[in-house]
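Trainee: New model on my screen. Walk me through it, please.

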Amino acid sequence: MGGYENGMFGPDDNITREQLAVMLWRYAGSPAATDKELHFTDADQVGGYALEALRWAAENGVMSGRGGGILAPQGLATRAEAAQMLKNCLEGYSD
């Protein structure tokens, strides 16, 4: 975990879906995604720092959209989403 660009960490901040995807992607060793496209209508809202992580997360079933073709990368991760993403990641990377 590296914190924000300004050197701050933000331990009391809520976490966005893309921030959680980046953490899990780094945990998994920052693997490259095969599919270089994000097939969601709001893919243009993904932060540059999170693009490869979200490609990986979507491709490997760690993260899914919220329905209607929406990924909501800047949306806050709910408890249920965070738990599901952790479960999906650990099942795929717990070797």
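Mentor: Naming comes first. Helices (H or I, at least four residues) and strands (E, at least two) are DSSP runs, numbered from the N terminus. On that naming, glutamine 74 falls in the loop between α2 and α3.

Trainee: Any caveats?

Mentor: This is a predicted model: local features need pLDDT of at least 70, side-chain atom pairs count only at pLDDT 80 or more, and totals for chains, interfaces and linings use all residues. Residues are numbered from 1 along each chain as its sequence is written, and side-chain values use heavy atoms, with hydrogens and water left out.

Trainee: Back to glutamine 74. What does glutamine 74 touch?

Mentor: Thr16, Glu18, Gln45, Val46 and Gly47, once residues up to four places away in sequence are set aside. Contact here means heavy atoms within 4.5 Å.

Trainee: Is glutamine 74 partly exposed or buried?

Mentor: Partly exposed, because its relative accessible area is 44%. Buried means under 20% relative accessible area, exposed over 50%, and partly exposed in between, with a 1.4 Å probe and protein chains only.

Trainee: And how far apart in space are glutamine 74 and lysine 36?

Mentor: Their C-alpha atoms are 20 Å apart, with the two positions 38 residues apart in sequence numbering.

Trainee: Switching to helices. At what angle do the axes of α1 and α2 cross?

Mentor: Roughly 80 degrees. Helix α1 covers residues 17-27, helix α2 covers residues 51-59, and their axes come within 8 Å. The axes are lines fitted to C-alpha atoms, for helices over the stretch in contact, and angles run from 0 to 180 degrees between N-to-C directions.

Trainee: What do we call that arrangement of α1 and α2?

Mentor: α1 and α2 are therefore roughly perpendicular to each other. That label covers 65 to 115 degrees; under 35 is roughly parallel, over 145 roughly antiparallel, and the rest oblique.

Trainee: Which residues of α1 and α2 meet?

Mentor: From α1, Glu18, Ala21, Val22, Leu24 and Trp25. From α2, Glu52, Ala53, Leu54, Trp56 and Ala57. By class, this contact has eight nonpolar residues, two charged ones and no polar ones. Ala, Val, Leu, Ile, Met, Phe, Trp, Tyr, Cys and Pro count as nonpolar, Asp, Glu, Lys and Arg as charged, and the others, Gly among them, as polar.

Trainee: How many of the eleven residues of α1 are buried?

Mentor: Eight, leaving α1 mostly covered. They are Arg17, Glu18, Gln19, Leu20, Ala21, Val22, Leu24 and Trp25.

Trainee: Which residues of α2 are buried?

Mentor: Glu52, Ala53, Leu54, Arg55, Trp56 and Ala57.

Trainee: What about backbone oddities?

Mentor: Check phi just after the helices. Glycine 29, just after α1, has a positive phi of about 95 degrees. Glycine 61 follows α2, and its phi is positive too, near 75 degrees.

Trainee: Which phi does serine 30 have?

Mentor: A positive one, about 55 degrees, although serine 30 is not a glycine. Serine 30 sits in the loop between α1 and α2. It counts as partly exposed because its relative accessibility is 34%.

Trainee: And alanine 72?

Mentor: Alanine 72 also has a positive phi of about 55 degrees without being a glycine. It lies in the α2 to α3 loop. At 13% relative accessibility, alanine 72 counts as buried.

Trainee: Where is glutamate 37?

Mentor: In the loop between α1 and α2. Its relative accessibility is 53%, so glutamate 37 counts as exposed. From its C-alpha to that of alanine 58 is 9.9 Å, with the two 21 residues apart along the chain.

Trainee: Last topic, glycines. Where is glycine 69?

Mentor: In the loop between α2 and α3, where α3 is 79-93. Glycine 69 is partly exposed, at 29% relative accessible area. Residues up to four places away aside, it touches Phe40, Thr41 and Asp42. Its C-alpha is 20 Å from that of glutamine 19, which is 50 residues away along the chain.

Trainee: And glycine 65?

Mentor: Glycine 65 is placed in the loop between α2 and α3. With 30% relative accessibility, glycine 65 counts as partly exposed. Beyond its neighbours within four places in sequence, glycine 65 contacts Arg17, Phe40, Ile70 and Leu71. Glycine 65 and glycine 47 are 16 Å apart C-alpha to C-alpha, and 18 residues apart in sequence.
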